[in-house]
Every structure is written in C-alpha cells, then in structure tokens.
Amino acid sequence: MRIDFHFLVILASAVTMTLGATYQRSSQLAGQSFLDAFNFQAISDPTHGRVNYVNESTAKADGLVSVANNKLTLRADYTTKLSSSDPGRNSFRIESNSQYKTHVAIFDIAHMPQGCGTWPAILGANWPNEGEVDIVEGVNDQTPNKCSLHTSSNCTMPSSRSMSGTVDGTDCYVYDNNNAGCGVDINDNKSYGPKFNSNGGGWYAIERRSSYIKIFFWERTSGSVPSDVKSPGSSINTSNWGTPAAYFPDTYCKFSTHFGAHNIIINLTFCGDWAGSSSVYAASGCPSTCVDYVNNNPSAFKNAYFKFNSLNIYE
C-alpha cells in the first residue's frame with residue numbers, strides 16, 4: 001500500500017486545527033466594563049420587528065439597561081401599552097466597539113429574554129458584506145436554541161458533521177429559503193427560553209478560525225463545563241472542550257470570501273420576519289396575533305431581559 005507523505009502532512013494539519021487551539025485573553029468584561037465595550041444602535045430593525053431600538057440615554061432613563069453586582073442587564077419595556085401608531089416596544093440593540101476574526105468569545109449568561117413574541121439574539125456580524133454567525137437565537141420560547149450562518153452565495157455545509165446538534169438546513173445563502181441560513185439545533189432543551197432560565201442559565205462560546213466555526217453550550221448545572229470556561233483565566237485551550245454543539249467547516253464554503261471582521265451584536269426584537277410569521281407564531285401556542293399581543297400585554301415582557309455575568313474574549 002502506497003502512502004503519500006504529503007497527504008499525511010495535510011491530514012495531520014487538518015486534524016490539529018479541528019481539535020482546537022490555545023488563545024490569550026484580550027478582553028475581560030463584566031458589569032460596567034461590558035457595557036462600555038458596546039454602543040447602542042438606535043436603528044430600524046433589519047428583521048422588521050414590532051420594536052423601537054433606543055439610544056443609551058433613553059435606555060438608562062427608562063431602566064432598560066442596568067449594572068448591579070458586576071452583572072449587566074438589558075431588557076425591553078414592560079410597562080407601556082402600545083397603540084398602532086407607536087413605532088414599537090422599546091428595546092435594545094448593542095454592538096461591540098471592536099471587531100473580531102480569529103477569536104473565542106465565552107458568554108456567561110444568567111438569564112435570556114422569554115415570552116411570546118420575543119426574538120432575542122447574540123451574533124457576530126458585519127452585515128451585509130461580511131456574513132453573520134448566530135450564536136444564540138430563538139423565538140416565542142420555543143426550544144432548542146438555533147445556531148446558524150447567513151452568507152453570500154456559494155456557501156453550504158456538509159449534511160454530516162462532528163457535533164452534538166442536529167442539522168437544520170445546509171444552504172447558508174441569505175436569498176435562499178427565506179434567509180433561514182444553514183442552521184444547527186442544539187441537542188438540549190435547556191439551551192433556550194424559560195427552561196434555560198429556570199436552570200440558572202449557562203455558558204455559550206464561539207470559536208472562529210479560518211477553516212471552521214464551532215459553537216459550544218454548557219448548562220449551568222452540567223458537570224462537564226471546562227475549567228477555563230467556568231473560571232476564565234488569561235488563556236484557554238479549546239482542544240479540551242470536547243464535541244461542539246454546532247460545527248461549521250469550510251469544506252464547501254470559502255470563509256475568506258464569506259466572512260470578514262465581525263462585531264458582536266446583542267439584541268431583542270419582537271415579532272418580525274421570524275417570530276411574527278403567522279405560521280410560526282401560531283405553532284408556538286401563543287395567543288392572539290403577534291403584533292396585537294406585543295402591543296397590548298406589556299406585563300408579559302417582565303422577563304424579557306438578558307442578564308450577563310461576564311464576557312471573556314480571547315484572540
């Protein structure tokens with residue numbers, strides 16, 4: 001049997017990259033430092049939601065952003081009944097001041113927004129030219145969490161990959177399949193919504209490299225949380241993290257032309273293209289129509305908030 005030495009070198013290199021790498025911490029964010037590392041985007045919602053993204057001064061005045069015990073809370077308004085002429089429910093969309101390519105980001109999340117009509121997300125993006133990576137995303141309290149890529153044309157994912165999640169679409173092109181992207185459903189019903197919150201939250205992490213993107217999730221009560229995730233230090237080694245929840249390799253997608261430097265974006269919208277789709281909303285078991293419910297039931301959104309313990313970024 002003839003063995004090609006060059007093939008072995010290439011194969012060994014690919015295996016090493018797939019297993020992970022060591023990174024050094026570039027940002028340690030919690031409470032006020034977390035807030036200072038981001039800016040508020042008072043823009044029209046790109047997903048056409050029943051939302052009014054406010055600036056930082058309005059968010060502070062209305063109690064939509066707060067820092068206590070070195071934790072950052074971002075929430076939507078839950079006291080105002082809306083009329084049809086109002087622009088939408090006041091909420092937040094924040095974007096990191098820095099951009100990232102090769103990096104690891106670990107989000108320690110104590111609570112995420114819940115409620116019918118809600119559509120929270122944590123993502124990396126510089127849309128539309130540099131692609132999007134959705135780390136946390138879901139609607140109407142429906143588990144599990146969905147991770148996905150949204151790209152320009154000619155980017156697809158293999159149907160079989162080394163991950164614990166379940167493939168939900170392999171075509172990443174935004175203009176195919178109503179911008180569903182190439183998704184992965186995390187194989188854990190405590191990864192999103194009320195079940196995530198009642199379990200004390202957990203950790204989400206993204207590892208992005210030139211040849212792959214991995215997303216990890218650990219429940220708060222899991223016994224398998226890596227020590228450098230649970231107690232972040234000055235460096236991490238992702239090769240010790242095990243099988244990712246979602247794995248996106250560059251097998252059929254040239255990352256250098258589909259993904260550029262990304263800002264981290266954290267937002268909460270309502271209804272819109274996904275959560276407000278009549279079929280999606282009805283299938284969620286939510287009452288009324290999405291827009292009517294969001295307009296007329298402010299108290300339903302008392303738990304529509306993110307609470308972050310920390311965000312650690314490594315490069």
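This is a short talk on the empty space in one protein model, open and closed.

Okay, so first, a word on confidence. What we have here is a predicted model. The mean pLDDT of the protein chain is 94, and 94% of its residues reach 70 or more. The stretch to watch is residues 1-17, where pLDDT stays under 50 and the model has four contacts beyond four places in sequence.

Now, the pockets. How big is the largest pocket in volume? About 920 Å³. Its lining takes in 37 residues, and the ones that lie nearest the centre are T47, W119, E132, H150 and N179. If you want to find that lining on the fold, look at β7 (93-100), β9 (118-125), β10 (132-137), β11 (146-150), β18 (262-270) and α7 (272-275), which each give two or more residues to it. In terms of chemistry, the pocket lining has 16 polar residues, twelve nonpolar and nine charged.

On to the closed space. How many cavities of 30 Å³ or more turn up in a search of the whole structure? Just one. The largest cavity comes out at about 90 Å³. Around this cavity you'll find Y100, H103, A105, F107, L123, G124, V133, I135, I206, R208, H262 and I264. Strand β8 (103-111) provides the largest share of that lining, three residues. At least two residues each come from β8, β9, β10, β14 (202-208) and β18. By type, the cavity lining splits into eight nonpolar residues, three polar and one charged.

That's it from me, so over to you for questions.

Methods. Residues numbered from 1 in each chain as written. Predicted model: local features only at pLDDT ≥ 70, side-chain atom pairs only at ≥ 80, totals over all residues. Heavy atoms only, no water. pLDDT = per-residue confidence, 0-100. Contact = heavy atoms within 4.5 Å. 1 Å grid on protein atoms, 1.4 Å probe; cavity = no way out; pocket = protein on both sides within 12 Å on 5 of 7 lines; lining within 4 Å. Points joined across faces, edges and corners; volume = space filled by probe spheres on them. Helix = DSSP H or I, 4+ residues; strand = E, 2+ residues; numbered from the N terminus. Nonpolar A, V, L, I, M, F, W, Y, C, P; charged D, E, K, R; others polar.
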